[in-house]
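Reader: Please take me through the terms used for this fold, and show what each one rests on.

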Amino acid sequence: MTFEPISYSEIASQEMDSEIINGPGPGTLLWKARRSSSTRSSEQMNCEASPVVQKFLEALESDKDMAVAVAAIKALTFTIQTSKASTMMELEKELKWSSEALRQCKPTSICLAAGCELFMRYVTRTRALEATNMQRSWQHLIDRGNMFATISLQSREKIAELGQKFVREGSVVLLHGYSRVALCVLRAAVAAGTHFSALVTEGRPDRTGTKMAEALLALGVPCTLVLDSAAAYAMEGVDMLLLGAEVVVENGGVVNKLGTFQVATVARAMGKPVYVAVESYKFARLYPLNQMDLPREESTEDLGLNLPDGLKVDNPTRDYTPPDRITLLFTDLGVFTPSAVSDELIQLYL
């Protein structure tokens with residue numbers, strides 16, 4: 001089984017097709033059980049024929065640097081542009097159907113679900129304008145959706161400007177996996193004339209660390225690739241750990257590439273600061289208590305080993321890093337401690 005996030009508001013408005021697991025409290029997400037992503041269901045195969053899903057996939061294909069949440073919002077904007085609805089309530093229903101189609105397409109994607117929920121919140125806010133000017137409300141949503149791609153790039157620029165100040169002259173930066181935002185921070189540090197070197201974990205099984213190392217070498221940054229299992233061994237010579245994130249959850253923890261939890265744990269144990277560079281639209285109304293609370297997503301990458309017959313392989317793609325392992329988050333809204341994330345979420349979703 002895998003689990004898809006579903007909000008409390010949806011419990012009241014949708015028929016549940018599976019068991020609801022009680023969450024830790026109001027304002028958090030629950031998990032709705034679905035079939036494993038390793039076997040493509042007929043619903044998932046049919047959803048790819050949906051125009052909104054096709055628009056989503058086209059957006060990702062056209063721009064390799066586009067975040068999944070931004071592509072989802074662009075697809076929902078397409079729904080508004082092609083809608084035949086005559087009222088905001090009808091449009092909201094269409095957008096809910098479109099959001100569900102997107103979620104079925106990638107049922108384990110937390111950032112996609114977060115992007116859909118964030119945009120639906122904008123729709124709810126905009127309904128208040130309907131009484132005065134329906135056309136204005138419609139255009140406001142379209143303009144807002146079209147702006148998100150630009151906002152995404154601007155967010156990374158703001159984060160880079162804030163984060164590069166923490167990269168000290170002559171420091172050694174440890175990175176785990178490939179992060180566009182973390183790379184933007186280091187690119188800004190290079191542009192500011194800061195000289196530093198980098199250690200990058202290889203990021204098995206998809207070797208995303210190799211991709212990050214290549215990008216850093218292209219910037220002229222001295223870079224060394226280390227085994228994932230050598231992170232603790234190499235930590236003594238590191239000055240800071242810089243990470244990206246798939247999602248920031250309500251308590252200030254992050255969901256990111258598998259191995260982030262252990263690298264951050266080692267860094268904190270050895271007194272090294274752990275910084276996370278992440279856009280604010282990746283703040284999600286989730287409250288995982290442990291690793292099992294995450295939607296299960298198995299990697300399809302080949303481990304490249306000749307394994308004995310009958311041996312089971314556990315190969316998830318991501319893990320959850322609690323907030324006590326994180327020093328600061330660099331975001332487009334400012335530099336935060338993990339404890340400040342819940343306040344920012346309230347502002348985003350009010």
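Author: What follows treats the sheet, the helices packed on it, a helix pair elsewhere and a hairpin, in a model that is predicted.

Reader: What is the strand order of the open sheet of 7 strands?

Author: The order is β6-β5-β4-β7-β10-β12-β13, and the pairing is mixed. On average, neighbouring strands of this sheet are turned by 25° against each other, direction ignored.

Reader: Which strands stand at the edges, and why?

Author: They are β6 and β13 (334-336). Each has a single partner strand, so one side of each is left without a neighbour in the sheet.

Reader: How do you know that β5 and β6 pair, and in which sense, parallel or antiparallel?

Author: Pairing requires at least two bridges between two strands. Strand β5 (residues 197-201) and strand β6 (residues 223-226) have 4 bridges, in the parallel sense, so they count as paired. Within this pairing, A198 has C223 in β6 as its bridge partner.

Reader: What makes a β-α-β unit with β5 and β6, and what is its hand?

Author: Helix α9 (residues 208-218) joins β5 and β6 in the unit, which is right-handed. The term applies because, with the strands pointing away from the viewer, a right-handed path from the first strand over the helix to the second runs clockwise.

Reader: How many bridges pair β10 with β12?

Author: Strand β10 (residues 274-277) and strand β12 (residues 328-331) pair over 3 bridges, in the parallel sense. A277 stands opposite F330 in β12.

Reader: Which strands do α8 and α9 lie on?

Author: α8 lies across β4 (172-176), β7 (240-243) and β10, and runs at about 130° to β7. α9 packs on the sheet and touches β4, β5 and β6, with its direction at about 165° to that of β5.

Reader: Why is α8 called roughly parallel to α9?

Author: The axes of helix α8 (residues 180-191) and α9 cross at roughly 20° and come within 11 Å. Angles under 35 degrees count as roughly parallel, so α8 is roughly parallel to α9. The crossing of α8 past α9 is right-handed.

Reader: Which residues make the contact of α8 with α9, and what classes do they fall in?

Author: A182, L183 and L186 in α8 meet M212, A215 and L216 in α9. The contact has 6 nonpolar, no polar and no charged residues.

Reader: Why is α3 called oblique to α5?

Author: Helix α3 (residues 51-62) and helix α5 (residues 88-105) pack at an angle of about 55°, and their axes are 9 Å apart. Roughly parallel needs an angle under 35 degrees, and roughly perpendicular runs from 65 to 115. The angle fits neither, so α3 is oblique to α5. The crossing of α3 and α5 is right-handed.

Reader: Which residues in α3 and α5 meet, and how do they divide by class?

Author: V52, V53 and F56 in α3 meet S98, A101, L102 and C105 in α5. They divide into 6 nonpolar, 1 polar and no charged. Ser is outside the nonpolar and charged classes, so S98 is the polar one.

Reader: How do you know that β8 and β9 pair?

Author: Strand β8 (residues 247-248) and strand β9 (residues 254-257) run antiparallel and are joined by 2 bridges. The cut-off is at least two, so they count as paired. The bridge partner of V247 in β9 is V255. In the hairpin of β8 and β9, with 5 residues between the strands, G252 takes a positive phi near 95°.

Reader: Which other strand is joined to β9?

Author: Strand β11 (residues 318-321) is joined to β9 by 4 bridges, and the two run antiparallel. V254 stands opposite T321 in β11.

Methods
Residues are numbered from 1 along each chain as its sequence is written. This is a predicted model: local features need pLDDT of at least 70, side-chain atom pairs count only at pLDDT 80 or more; totals for chains, interfaces and linings use all residues. Side-chain values use heavy atoms; hydrogens and water are left out. Axes are lines fitted to C-alpha atoms, for helices over the stretch in contact, and angles run from 0 to 180 degrees between N-to-C directions. Angles under 35 degrees count as roughly parallel, over 145 as roughly antiparallel, 65 to 115 as roughly perpendicular and the rest as oblique. A crossing is left-handed if the near helix is turned anticlockwise from the far one by less than a right angle, and right-handed if clockwise. Contact means heavy atoms within 4.5 Å.
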